[in-house]
Amino acid sequence: MTYSAGEYRVFTGINVSHIHSLNIAYSPAEYAIYHSSSGHTSAVEFMNMIENRSLVDQRIRPNHNGPPVIVKCQVFISSFGSISEVNMDYSLDFFLRQEWNDPRLQYEGGKQRYITLTSESIKNIWTPPLYFPNEKKGELHTMIIPNKLIRVTPNGTVTYSIRLTLVLSCPMLLTDFPLDTQECALNIESFVYESDDIELQWQPDHSLKNQGVEIPSTVGLAQFKIDDVKASSRNRSYSRTGSFSSLRAVFHLKRQIGYYLLQTYIPSMLIVILSWVAFWINKEAVPARIALGITTVLTMTTQLTGSRQGVPRVSYPKAMDVWMAACMLFVFLALLEYAVVNVMSTVEKDKQARHRDIETGKKGNKKRDRSSVLAYNKGRGCTAQYVDNCSRIIFPVFFVIFNCAYWAVYTAEFQTMIVDAFNKIKGEE
């Protein structure tokens, strides 16, 4: 009884010994497809056993009662989603690649480097039970098919890749907001097996700057710049369940200030400068100076309210709060300055009137009245006009000093310089 190679597919689900019991004639090349001279499982028989669940008990890990299974992981970042300061989380779309060795999956591959299994076959072999401790919600992509890839090499090495989109918790310290740098982590951990059974490691790759984490140059964020990524591994211990192997990738995200510079800093700075115009307006023009002062105060109040939108209500002051409070203070002091000038001007007028009455006896001529007023003003110290003249210099000078101090304290370059200087002094000691 002779079968062609095409008809041979009928027997691909039958054990090799059963095929031998049949009087089948096949060529040496066809025979090699089903059975190797070394006695190992052939590629086709291997696939059939996977489908029939007769090769591996997926409930038992490789090297059972032996050394821990080394699971090497690699993360390929596809894209970053939104980063929410209110919810303290961020979204991440990535491929998680895992690699381990299962001696039970060895087969004779010949020239074939690996066998690719279907997504339905993955459930028939053992896979590492991993989870993400800081995950809030997640999605395994299934469009058009489940985004899973699994390959098995002849020596039993399994490569498993899946595509995930996760919303991960990212606690943020917003003291420097919006001049801050945040650290958001991706944690991967064994859920079932302790560190004696599974050991997680980052996949070494000399082509990657950050071992185990790959971020293409095309990946970016609207408000943040990815400064650095640090990958590490450790064991996390729990009081009741034991110690579990864990991987951690920390993304250092520096916030881009361009948006806040155009929407908050520059407009508030212009409002402060606008409030100084009142110092050049005649102190007798009460409606003009009052209207300008109140307008700038109300505008700053609106700016202050708008700057707090989209930011969590934290119990500590943020850099933005310090800036807006200082601008509000400068604007309020400018309005208060005119109140002082107006009072001083009124007092001066009363004194001038009394002095004029005393000098002229209420009937003096204009020449004597003018000279007495000039002599009166010359003998006095601080006047309303003098306060206005000083304010024209003091307010801008103090605002420049505040700007220098503010940007020096809250920019990372200044902080780095201070830390380096402190470490240098400490090293010399």
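This is a dialogue on how to read several features of a predicted model.

Colleague: Where do I start, and how many helices and strands does the protein have?

Modeller: Keep in mind that the model is predicted. The protein has 9 helices and 12 strands. Of its 429 residues, 39% are buried. The accessible surface comes to about 24,400 Å², and carbon and sulfur atoms account for 58% of that surface.

Colleague: What share of the contacts join residues at least 24 apart in sequence?

Modeller: Take the contacts between residues at least 6 apart in sequence; 74% of them join residues at least 24 apart. One pair illustrates such a separation: phenylalanine 224 and isoleucine 83 are 141 residues apart in sequence, yet their C-alpha atoms are 9.0 Å apart in space. Ile83 is also among the residues in contact with phenylalanine 224.

Colleague: Let us turn to sheets. How do strands of a sheet pair?

Modeller: Strands of a sheet pair through backbone hydrogen bonds, and the pairing is either parallel or antiparallel. Here, an open sheet of 4 strands has the order S4-S8-S12-S11, with antiparallel pairing. Strand S4 (130-131) and strand S11 (224-238) are its edges, each pairing on one side only.

Colleague: How many bridges hold S11 to strand S12?

Modeller: S11 pairs with S12 (residues 242-255) over 14 bridges, in the antiparallel sense. To find the register, look at one bridge: lysine 230 has valine 250 of S12 as its partner.

Colleague: Phenylalanine 224 is in that edge strand. Is phenylalanine 224 buried or exposed?

Modeller: Being in S11 does not settle the matter, and the accessible area has to be read separately. Phenylalanine 224 has a relative accessible area of 6%, so it counts as buried. Leaving aside neighbours within four places in sequence, its contacts include Glu85, Gln182, Leu253 and Arg255.

Colleague: Which other strands pair in the antiparallel sense?

Modeller: S6 and S7 do so, over 5 bridges. In that pair, lysine 148 stands opposite isoleucine 162 in S7. The two strands form a hairpin with 4 residues between them. In the turn, glycine 156 has a positive phi of about 90°. S6 (residues 148-152) is also joined to strand S3 (residues 115-117) by 3 bridges, again antiparallel. Threonine 116 has its bridge partner in S6, namely arginine 151.

Colleague: Next, disulfides. What is a disulfide, and how many does the structure hold?

Modeller: A disulfide is a covalent bond between the sulfur atoms of two cysteines. The structure holds 1 disulfide. Cysteine 170 and cysteine 184 form the link, with their sulfur atoms 2.1 Å apart. The angle about the S-S bond is -75°, and the link is left-handed.

Colleague: Which parts does the pair tie together?

Modeller: Cysteine 170 is in the loop between strand S7 (157-169) and strand S8 (181-190), while cysteine 184 is in S8, so the link ties together parts 14 residues apart in sequence. Cysteine 170 is buried at 0% relative accessibility, and cysteine 184 is buried at 1%. Two further cysteines can be read by the same kind of value: cysteine 327 is buried at 0%, whereas cysteine 390 is partly exposed at 22%.

Colleague: How many residues are in the largest nonpolar core?

Modeller: It has 78 residues, and those with the most contacts inside it are Ile77, Tyr90, Leu92, Phe94, Leu186 and Phe251. Helix H6 (residues 319-360) supplies the largest share of this core, 9 residues. Another core, of 5 residues, lies apart from it and includes Tyr338, Val341, Met344 and Val387.

Colleague: What does phenylalanine 251 touch?

Modeller: Not counting residues up to four places away in sequence, phenylalanine 251 touches several residues of the list just given, including Ile77, Tyr90, Leu92 and Leu186. Cys184, Gln182, Glu183 and Asp228 are also among its contacts.

Colleague: Last, which residues does UniProt list for "transmembrane region"?

Modeller: The unreviewed UniProt entry lists residues 257-281, 322-344 and 393-410. A record of this kind can be set beside the model span by span. Residues 257-281 are 72% helix and 0% strand, with end C-alpha atoms 36 Å apart. Residues 393-410 are 100% helix and 0% strand, and their end C-alpha atoms lie 26 Å apart.

Conventions: Residues are numbered from 1 along each chain as its sequence is written. This is a predicted model: local features need pLDDT of at least 70, side-chain atom pairs count only at pLDDT 80 or more; totals for chains, interfaces and linings use all residues. Side-chain values use heavy atoms; hydrogens and water are left out. UniProt positions are given in the numbering used here, feature names are shortened, and annotations may be inferred rather than shown by experiment. A nonpolar core is a set of buried Ala, Val, Leu, Ile, Met, Phe, Trp, Tyr and Cys residues joined through side-chain atoms within 4.5 Å. Buried means under 20% relative accessible area, exposed over 50%, partly exposed in between (1.4 Å probe, protein chains only). Contact means heavy atoms within 4.5 Å. A disulfide is a pair of cysteine sulfur atoms within 2.5 Å. Two strands pair if DSSP finds at least two bridges between them. Accessible areas come from the Shrake-Rupley method with a 1.4 Å probe; for residues, only the protein chains shown count as cover.
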